[in-house]
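I set out to record how the chains of this model meet and how far its coordinates may be trusted. The entries below follow the order in which I looked things up.

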Amino acid sequence: MADHAPTETLALRVQFDTEAQQKDAATLGMWLFLVTEIMFFGGMFAVYTIYRSWYPDVFAIASSSLNQIIGALNTGVLLLSSFTMVMAVRAGQLGQRKAIVIFLILTLLFGGIFLGVKAYEWNQKFEEHHIPGQAAFHLDGVLPGDQGHAQLFFSIYFAMTGLHALHMVIGVGILLILIVQARKGRFSASYYTPVDVAGLYWHFVDIIWIFLFPLLYLIDRHLVK
Amino acid sequence: MITAAAQEREHYLNASYGLKSWLLTKDHKRIGLLYLATITLFFFIGGAFATLIRVELLTPQGDLVSSETYNKLFTMHGVMMIFFFLIPSIPAVLGNFFLPMMIGARDLAFPKLNLLSWYLLVVGGLFSLYAMLAGGVDTGWTFYTPYSTTYSNGYVVATALGIFIAGFSSILTGLNFIVTIHRMRAPGMTWFRMPLFVWAHYATSLIQVLGTPVLAVTIVLLFLERVLHLGIFDPARGGDPVLFQHLFWFYSHPAVYIMVLPSMGVVSEIISTFSRKAIFGYRIVAFSSVAIAVLGFLVWGHHLFVSGQSLYAGMVFSFLSYFVAIPSAIKVFNWTATLYKGSISFQTPMLYALGFIGLFTIGGLTGLFVAALGIDIHVTDTYFVVAHFHYIMVGGALMGYLGGMHFWWPKMTGRMYPEGWAKLSALVIFLGFNLTFFPQFILGYLGMPRRYHAYPEEFQVLNVLSTAGASVLAVGYMIPMIYFIWSLRYGKVAPANPWGATGLEWKTSSPPPVHNFEETPVVTHGAYDYASLMAEEVEVG
Amino acid sequence: MGKFQLFPVQASTLAPEVDHLLYFLLAVTVFFTVLIFGAIFYFAIKYRRRSENELPHVQHTGYTLEILWSVIPFGITMVMFTWGASIFFTASKPPNNAIQIYAVGKQWMWKLEHLEGQREINELHIPVNTPVRLTMASEDVIHSFFVPAFRTKQDVVPGRYSTTWFTATKPGKYHLFCAEYCGTNHSGMIGWVYVMEPMDYQNWLSGGAAEGSMAENGKKLFEQLACNNCHKEDNSGRGPNLVGVFGKQVQLAGGGTVKADEAYFRESILQPQAKIVSGFEPVMPTFQGLVTEEQLVQLVEYVKSLGPKPGAGPVDNGQKPAPKKSSNAGSTPANR
């Protein structure tokens, strides 16, 4: 069999035999990583499911204290960011270096908006005394004996949106690195794997939010008169 | 054959020198050795804690250390041994070193990620070590709430953080192995030509990738509850302390298969080599590894039989727990059948492998006891369980690890270990181990609870026997430490294939060259084809 | 009690059952251990390498052996499962004529309370040959009530009631251990169970505390905490009449029913809005933080003592009661 060249390129590292093999491996690696993320968030979704099934009414009231308009708008922003991410990958496929940078920057912007809105929402919760564990916690419409259950809802809310936001921040960091690299001309039609693979990560974080939004914001909303 | 001149030949150990060449290496073989140093250190720390525990338990009163200290000792013993020794051990040392070679690859798919995995283990270990030195943690390695979230005064967060970081080391290693096995097999290396060691690591990696994230999120919730008082497990707010147990064991049960499956892979290699015969029922043994990995995710509730879990959940988990025993039993039968009409030789690796089969059989059979609902009511949370898991983890996994270390030492270092001393220490370990842990089965059925600092007088004789065994065991572990290091300088120079083993790693020199193979191998026969091997040797020799 | 032993004494009706299963498991273990060890020794010696270039002939066998040594062990394990499950079933269902005793675990002691009012710390006196149903609560962390001689163990989880039962068969003194790690003095949270002849037990009971029975103390609390302001026995109060409620199915507001057992009473005191009785308003205040677990069991016993005497009923190990099927009026934004 052929010996490999002693020097390696970005697209063909020394441990791989062909560029296709390397790209394949990178993609499989990212999908596997996303599976671990599903298991990670899955633990929290399990906690949510159990407590919601135990305290459905309190959860519904607590959910209605979240602003569904802002949540929906934020969901739209994130979906837009996934679109621009797809466009960045497309630009990579076509070797359009400038376009890669522009779309990555747009994705970054939308991600930043999402995070900013999230910070605003969290601040709202602080003002309304919906932070669990604090003595001043109080949710209107829920009797004193059930305030503890309401705290559970908000514990889950902060834990899940917090973890999601953390993943967004990491995503933002990755985007920054990619933007710098793209501006230096690191990517081309024959090597844009990092953009591709970062795109997978970004879409995944988006999908987590698509689940979080209805589960947290929209409990029993269809029953509102 | 290696001549004196050939010893000047370049290989992975002498190709570059200096701290940077090690700390920034991308070579899976060097990373394996970095792991070796790290986990050996953690092993001895965990062992030191065990020594103190066993010395304390010589007398019924708690007279050596205070109760608080004792509770920290058993906690930290468990944390060190499980998360910082057993979970990494074989995959991180032997898997890293040999998995690429066994499938004919030049390295793992993601060498830099591999190095990161090592750094994560080191950082995680340092966090936990810091916690231990700063004052210790006393929750038990299981961290049950609400004790760990609300009542414990120890360094819970620091220790949990260390475990969290180490968990990522485990996940990334598993991810690396899966991609490597899927995408980097040499031409002709089909799935069913892979050595069983590789199959075992594939199954292990599946568990690492799917299970460890659940531990991670459990630790996050524990952290949030303890630090921010969120309330997820707080009964006063409608939370459920037992929910923590479900989340914890969802990972920690599959984790025991992370700890034992690689060892089973090692045993397959050794039994085959030292019987000069293919493993009986290769495909079945390969599938049994994957079956154990899958079924292992379905049985976590057997740790919760008396926790308040529903009667019916208990029945389902008990039933499934018996199911998962069957693939393990199949392996034991298949290994034994491999010996039939084989050509058996008894070098040290074989002694460890045979020891594994015997002790794993006993440990596994006692698993049937605890899986029985009616018996588990009585023996759960007693020394019976302690004995059961030490038979598997120490009598099983650790012996497999030592067997593998002896088997592959010549390949990794280019030196032979001294066979006489090695056989002696294998024997000492086997005897010391049984003396330490067999009395604990009896203690457990008598009713001695685990995690007890002081105990009723009538349990003393058995405890003294156990401690006596532990001191023998400790000696047994010291001896290989000494002769392995000794062999690096004074051991006989090793040939490429001292055992007559099949497997691509034995086709390279001892130690191997930096990129493993001068030419990418092309595989034309199955994993344990001794006939072809001997035919080749006749040709060459 | 320093006598060295290798096997625990059997002092309950459950113990011989558990031990019989143990013997079966031991027999299977010894059989397979001898089989495997024996086979290994035999093969190792018989097939030891005699010459350097020995090459065994590889036979290609079918799958018969594999199937045999999968199916047969599976059959054996299914026997073990069924046998173990049936013992577990028995251990989970106390007989209806069991006497009721309460236990409260806290760091690091066991507080036992008899209905007649006797309180014990780290000791439990019970009559021989009489089923005893032990309802347990924790004031802090998870503990576990373990009596090796009875072969019983049950975790005691804060926030719920846990139940275990046993019928002692041999008078004597038996170890009681906490079996779930609970902090510094976990190994000091131990005591004794005294099994007495019926006459001796009666003597012990009557010579005991003059503080009044649990139900009497519960009644005092009921009045002190003003429960009787709303829960009137003439149905005129804002709360349901509690006479004769224990053991019955209670109709809930919005549909569904629940069995009025100890766990239901405890929950109703601590989380009154969880299950509102049909026809009543959700106006009961919570007593969370205002009553200890010990006071709770006394209140529970008082309510049990009202009206016809019910059976002890099956064990409820803190199952979360069935979720409500629908909402209370006025407590959600929706009307169904």
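**Entry 1: confidence.** I began with pLDDT, which is the predictor's confidence in each residue on a scale from 0 to 100. The model is a predicted one, and I noted its overall scores as ipTM 0.94 and pTM 0.93. For chain C, I found an average pLDDT of 88, with 90% of the residues scoring at least 70.

I then looked for a weak stretch in chain C. Residues 309-336 of chain C stay under 50 in pLDDT. The model nevertheless gives this stretch 71 contacts beyond four places in sequence. Where pLDDT is low, the predicted coordinates should not be read in detail. I therefore leave the individual contacts of such a stretch uninterpreted.

**Entry 2: chain A against chain B.** I looked up the contact between these two chains and found 28 residues from chain A and 36 residues from chain B. On the chain A side, helix 1 (19-54) and helix 5 (147-183) each supply at least two residues. Which of the elements gives the most to this side? I found that helix 1 of chain A does, with 15 residues. By class, I recorded the chain A side as 16 nonpolar, 10 polar and two charged residues.

**Entry 3: chain B against chain C.** Here I found 74 residues of chain B in contact with 75 residues of chain C. Several helices of chain B give two or more residues to this side, among them helix 3 (67-86), helix 9 (241-275), helix 12 (348-371) and helix 15 (419-446). Helix 11 (311-339) of chain B is also on that list, and I noted that it provides the largest share, 14 residues. The chain B side divides into 46 nonpolar, 20 polar and eight charged residues.

**Entry 4: domains of chain C.** I took the bounds from the domain assignment, which gives domain 1 as 10-30 + 65-212 and domain 2 as 214-305. I recorded 29 Å between the C-alpha centres of the two domains of chain C. How many residues does each domain bring to their contact? Domain 1 of chain C brings 13 residues, and domain 2 of chain C brings 13 residues.

On the domain 1 side, I found that strand 1 (99-106), strand 2 (109-114) and strand 5 (131-138) of chain C are the elements giving two or more residues. I entered the classes of this side as five nonpolar, three polar and five charged residues.

Note on methods: Residues are numbered from 1 along each chain as its sequence is written. Chains are lettered from A and ligands numbered from 1 in the order in which they are written. This is a predicted model: local features need pLDDT of at least 70, side-chain atom pairs count only at pLDDT 80 or more; totals for chains, interfaces and linings use all residues. Two residues are in contact if their C-beta atoms, placed from the backbone, lie within 7 Å. Helices (H or I, at least four residues) and strands (E, at least two) are DSSP runs, numbered from the N terminus. Ala, Val, Leu, Ile, Met, Phe, Trp, Tyr, Cys and Pro count as nonpolar, Asp, Glu, Lys and Arg as charged, and the others, Gly among them, as polar. Domain bounds come from an automatic or database domain assignment.
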